[in-house]
Amino acid sequence: MRNLKNNNPLKFAVFLAAIFLLQSCSDFLEQEPGTQTSINEQLGTKQGVLEAMNGMYRAIEANVRTEAFSTYGDLQGGNLKFAPAISTTTTIGQVTTPGNVVNIYSFDDLADNSNLAAFYSTNYNIINQANLILEFTDALKDASDTEKSQIKAEALTARAYVHFLLSEIYSQNYGFTANASHLGIIYNSKSITNGLQYPARETVANTYTFIINDIKAALNLYANTILLNGPAHSYFNKNNTKALLARVYLAKKDWKNAYDTADDIIKNSGVVLMSSGDYLAQWQKPDAPVSEVLLEFSIPRNDAGSASVSLATFFGYTSDSQYGKYTASQDLVNLYESSDIRKQLFKNHQLPTLVNLQKEILNYYFTDKFQGNPGYMAFRLSEQYLIRAEAAIELNNSAQAIEDINTIRTRANAAVLQGNEDLKEAVFLERRKELCFEGHLFFDIARNKKDVSRTDGCIALSCSLTYPSPKFILPIPRSNINLNTNLKQNESY
Amino acid sequence: MTFTIHDLRKILFFLALLLSSFKGFSQNKNITLQLKNKPISLIIKAIEEQTDFRIIYNARKIDAEQLADINVQNVTLETALKQLFAGKNISFYIQKKQVLLTNAAPAPSAASSSDEKERFISGTVYTAKDKQALPGATIRIKGTGMGAITDFNGKFVYQLKGNDINNLVLEVGFLGMEPQLQKADDKKQFVFYLKEATDELNPVVITSSYGTTKLKEEIVGSISTLTAKDIPVQQASESVDKMLEGQVAGVLIENTSGVGGPVKINIRGQGSLKPLGNSIVGTSTQPLIIVDGVIMSEESYISSSFFNGQTALSENLMNPLAQIAPENIETFTVLKDAAAVGIYGADGANGVILITTKKGKIGKAKFGFSNQLGVSSAVNQIKYLNGEQYTEMRNAYLKNTSTNFSPVPYNGVNTDWFDLLNNSGIYNKYNFNVSGANSKFSYRTNISYLNIDEPQLGNTTKQLNAGINLGYRQNKFDVNISLNPSYIRSIAPNIYYSHAHIPTLAPYNADGSYTLTGLIGTTGGNPLAAIAQNKNETDTYGFLGSINLGYELNKSIKFSTLFGIDYKDKEQDRYFSGENESGRLNGNFSLEGIAYNTWGRRAINQRNSTKWNWQGQMLFNKEINKNHTIDGVLGFELAEEKGSFHYASGSGFVNPNIINAVSNARRDDDPTTKTDESLGGQTYNSEISNGSRVSMFSQINYNYKKRYFFLGNIRRDQSSVFGNDSDVALNSGAGLAWIINNEDFLQSSSWIDLLKLKVSYGSTGNSRIGSYRSKGLYNNAQNGYNGENYATPGAAPNGNLSWEKNKKFNTGVDFNVFNTVELSLEYYYDDLSDLIVARDIPSENGYSTLELNAASMYNKGFEFTTRIKWFQKGKFKWSTSFNISTVENKVTDLIGLGSDYSQANLALAQKIGYSTSTIWGVNWIGIDPATGRDLVRKNGQTYDSATYNRLFTNADWEPIGNTQPKAFGGFSNRFSLNNNITLSITGAYQWGGDKLVSNDIIAKYSTTSNRNMSVNAFDYWRNPGDIATQPAPGNNTLLPNLSKYVYDATYIKISNINLSYNVPITNTFLDTLTVFADVSNVLYWYKEKSPAGMNGIREFNYTYPQARTISMGINTKF
């Protein structure tokens, strides 16, 4: 009986422990919210990960489509000028700087109120989405290894791409210092589930290393499966990831790798250049991208399938009472020879404009590249020819450079290079002409350490910018600087 | 047999020490045993195993470990024992199935008288009330510790010994009963009738919901307990919290007006950081409330649109305590310090309130009935501008804000809207109960029905509360069931008191129809029309129930398990009729081609919550020897709460003047679009909020010689609401108490009844932080990239998010003297850390805000309580209780930033070094006599408000007040004459504590196109040179947090006066009949007087005025 007395507490304790362990092991302590989904649940299934990946693409598309970013390279570089406000019966259209770009246009962005502040934080939000997908995909039970590889490849590419966009805007070009030791960007490869970070900026050299590592890792993972519905060219794949890599190498001035990567795409991607005869028609299609597309982000459409918003908002022309604000500057239009079929992509519309308080009818050239329902053209094959050309020049392979430039010029029905021209200038100009409105010019200027000189239609407080200048890059938003003592601001902001 | 016991107290030890054997199934009468050199204890057990006798003895007196032999074959018990104890100095008595061992007296001296030396006595103990046998009562010989315990039938036997048996006095006691004495004389048979103790100095106090209890004077922690007689149940309130305002030291029950609002009880200061936004979603600041072991769920908003309390059609929260009828409450216990709440671990930071309901008492079926009826009227109403004043003010405003303005003449109408909306209310309450118990079965049923017709026109509350308590005890098992179903129906179409309508508008048109006010939206419209035409009804069905099983293994160990459930089903149904402007939304819609105004609005909010807890525990209690006693509990608890919320609303009906179903809000579909617009007027939303917890807890109490007491708690909580990385909370606490008067050196000072010092320290947590705050969330939506479904991250995850921590230090002294005065003084210091705040984080993390444990603060203060029984003997009795508490709060750390400010009309800030209840704003110095603008002072400079607003931001605000009183408390007095007439007066007070009154009705002249203002607004600047309190009506810059809107809320109030008379009755079926008169909310005294003809804190303190209720009633038992 004494035994009984002594044993019982023991038994009871064992019983308690058993109940406790039972409950700890079970999912009694797992409670899921209602209309929202916890990260663990969302990313616990293939379906959920694909939804998250869809959300990531959607966010990238929305971010690159923003007015301030989609016009940035061309506006800063001098390809664009503003159309007047739409005239009404009582008012005459006035030319003003759109509010969304008012600071950057004058090379006077404000850390407190940056025109690209939202672009900055949204990119890191996208990076976080990619990181979450990367961290959870390996544990998926209902996805095959192939599918997991493909998911991770796309997420890695997205992470690299978005970091590269940030790097272009917030860091001086790779050649700014001899060893690229100047300030790069924060490279975030972990989600917040690993703890709150107060990160510091990498050097540009490190930034590029991280970007290239991510792209290479992705290239090793691509499995040639398509996981999400929609056009194949709207998702990251092996070809457009190589195109990204080629562009990164070009920006890094790693000419050998730039040459090889572009060469690989041109020879092996299976994508071919648009033909000369088809060139205008390809651009003028209202809904589909040009045939040489490598990556174009799809625009959002409503339930009925009609486009809700696209780049046509900024570049489109429907009638004199409905048009976007961004047109080609005469600086750009004048670059084309008269035989160049690309010149026909500029449609002249005469719009009433208020000049010195008087109404004048002025010419405005709207591009045909973004009429209808255009998506954001991230990569296409022509750029790769020009990358190969630029790299070839630096590798002293002038013949290849001339050939590639002439491939583009011949297609455009422009005079071919003879070989005695300044090839560096020639490829720079060819890029400006071929890739105008696609967001390259300002970065090309910086890479080539040229000066900005905007003449036609420039209403900025300062229309030119001499290299080098701290104003080639933008300020990190002040709130980020305030919250993170490890984060250094760019010079002059 | 010579028990040489000196101390009466020790008897308690001995009784507890009677080792019992767990035995009794053997039916053998005779004994066969052969044992050699075995301890007597072992032999006794062997004997017990062969018989159904229990052998009991005092292990301190009988050396049961001494070795003995026994060799018997089929002999009777008596023979066996005789052989066993031969020469052993042990004698025995056999009574029924018990054998009592005592140490045998030494051989009587030959010189002693031939008088009787021993006498067998027997007797029975009954309850005085209903003559029921009382098992378990103790019979002791006065002056010694010796005695016996009554058996199942209330009977006892004992052998009296000594030289003077006739003069021995028997003292009979039973917990909760008054002890009774009888001289032995020459009696052999005794009968005792015990009365219930009416005034216990040292009652047993429940110290947790896990079955632990302690004598009041032996409590180590800080525990305040009120019993049924302390609760002024006749105060005209709907729930017990309002009745107890000011009655418990350290417990600030926030004044609310109106009926049924959510409970606001702060134990020892604010338990968490005040959120800076309007958002109420956050950490609970309310104590854990446990009713008969059921952990009550708290009604709160959740972090999800439609259910976060941020819209005009959000659900109105109700008071969970209204589920319990105050008449059914037996004890109301507040646990405050770490020693007391430590056993609740991560739920204990805000203190714990334990409520037990009344149970049946031994005796025949008893019936009780009471009825109370009273009238209520609104007190301290805000005085508004009359028609003439309003017109003058309005003209002044228009003149200052427009050009070429010609004044509008007064139209002669003077409507006092406030008066129209407030009339006399009726308070009516019925209570019926029946209870009784025998030794096995107890029962009590209580039914209360309350009908409050509020002074606010149109608003009524009906409340039906039942309480059923059943208990059954058989041998070592006991079962208790407690059920508290409730139904509350609140009808409140009158929500029109936040502002008054203009006095120059008559309520009715000449044809008797209601006038239009020009104000639309839920609080717009003609209130009289809205009250008549709108609907706002809330039905709440609640059920609180618990079942508790106990098994008493032996004297030392008891197991029990309890399952409790709190179920609630609530629906609030509102309809805003299109007949008045409250239901007239802007816009229109078409149905079948006909265009209609978007009039009529239905909104239905449903809340369904189930919270259950299951606990199992082992209670132990062991007296190691005379000096050392330990007791305690070890157990586990599982709890889960599931809440589901539904919202449905419809607006725009073809016939908006009748109450329409939500589904009637239909409109035409636009055939050119893909989406179906026909349901565009309807909104539906659902959400859930679940949480679960697994806990283990333990408490141990040790005392040495009843002088030194030690208490230790430890608890482990694992909760779904915490982040995965920190989901285990381990909390512990310890306390020490020293009862100085039990020391030898104070034994002789008979005037000291209790002198106790105590100290405790420990950690607790606040895990009630909302269900999913640690989880990172994804938002799901349709039509994403390429038209597919997509998910994007929402709230940031914080795997490290953990419970808020609250380390509590408490020390105090209890001093009771002359059986008359009880004094208790305590000092506490609560160190709160890891308070949850939302902080901006570097967006490179992918998120811009994160909920972090990133703030610390402390609450500290003193609590003093005294109870004085001025007169307790004789015809006139008078007792008083009084308490006063202080709270001082300071924010000590805000990780990541030094301060954060709210918007101006909330005037809140979080700033290191300041109290979280500080009112932040701008020092107002007057109205500029030259310009009529507000002048404010900043850094020694004087600015007008417009200039100030341009130069300074929120970060430049200064403290202009503090809502936390410097001290608060309450008092009560109870007088009785001849035990027939009783007068009791209770009150509450606060010293300091400011209130920021909204400037809407004082100086916001810009809103006067369709709203009236208080009379204070009439003191505005008119001409250069005027000295006024309000600026010239116009579009001046208005700062809502000027110091002139801060009022000192120091007050004393008499909350309740109750006079009752016990009608002497004979020869009726009634046992007692009491008639009473009661006044609730009797009167207020404010330190800050209202200026003549103006409103001050007295009026502004409650926009919805409080009600004073005068009532009469009867209370009878039969």
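Two strands count as paired if DSSP finds at least two bridges between them, and helices (H or I, at least four residues) and strands (E, at least two) are DSSP runs, numbered from the N terminus. Keep those in mind as you click around.

This is a predicted model, where local features need pLDDT of at least 70, side-chain atom pairs count only at pLDDT 80 or more, and totals for chains, interfaces and linings use all residues. Residues are numbered from 1 along each chain as its sequence is written, chains are lettered from A and ligands numbered from 1 in the order in which they are written, and side-chain values use heavy atoms, with hydrogens and water left out.

**Stop 1: a hairpin in chain B**

Select B:584-599. Strand 29 (584-591) and strand 30 (594-599) of chain B run antiparallel, with five bridges between them. At the turn end, B:Leu591 has B:Ile594 of strand 30 as its bridge partner. Two residues sit between the strands, and B:Glu592 takes a positive phi near 50 degrees.

**Stop 2: on to strands 41, 42 and 51**

Now pick B:849-886. Strand 41 (849-871) and strand 42 (876-886) of chain B are antiparallel and joined by eight bridges. Look for B:Thr865, which stands opposite B:Asn883 in strand 42. This hairpin has four residues between its strands, and there B:Gly874 has a positive phi near 85 degrees.

Add B:967-977 to the selection. That is strand 51 of chain B, antiparallel to strand 42 over eleven bridges. B:Ile884 faces B:Gly969 across this pairing.

**Stop 3: two open sheets in chain B**

Go to B:923-944 for an open sheet of three strands, order 47-48-49, with antiparallel pairing. Strand 47 (923-927) and strand 49 (941-944) are the edges with a single partner strand each, so one side of each is left without a neighbour in the sheet. From one strand to the next the twist averages 35 degrees (axes are lines fitted to C-alpha atoms, for helices over the stretch in contact, and angles run from 0 to 180 degrees between N-to-C directions). Strand 47 meets strand 48 (934-938) through four bridges, and B:Gly926 stands opposite B:Leu935.

The other sheet has five strands in the order 15-20-21-18-19, and its pairing is mixed. Its edges are strand 15 (223-227) and strand 19 (294-295) of chain B. Zoom in on strand 18 (288-291), joined to strand 19 by two antiparallel bridges; B:Ile290 is partnered with B:Ile295 there.

**Stop 4: where the chains meet**

Show both chains. Which residues make the contact (heavy atoms within 4.5 Å)? Chain A supplies 66 and chain B 67. Together they bury about 5,900 Å², 60% of it on carbon and sulfur atoms; buried area is the accessible area (1.4 Å probe) that two parts lose on being put together, summed over both.

How many salt bridges are there between chain A and chain B? Zero, taking a salt bridge as a side-chain nitrogen of Lys or Arg within 4 Å of a carboxyl oxygen of Asp or Glu. On the side of chain A that touches chain B, helix 1 (2-25) is among the elements giving two or more residues, as are helix 3 (46-64) and helix 7 (117-137). Colour helix 1 of chain A: it gives the most, with eleven residues.

For a last view, select strand 1 of chain A with B:777-781. Two bridges join strand 1 to strand 37 of chain B, and the two run antiparallel. A:Ser38 has B:Leu777 as its bridge partner.

Terms used:
Contact means heavy atoms within 4.5 Å.
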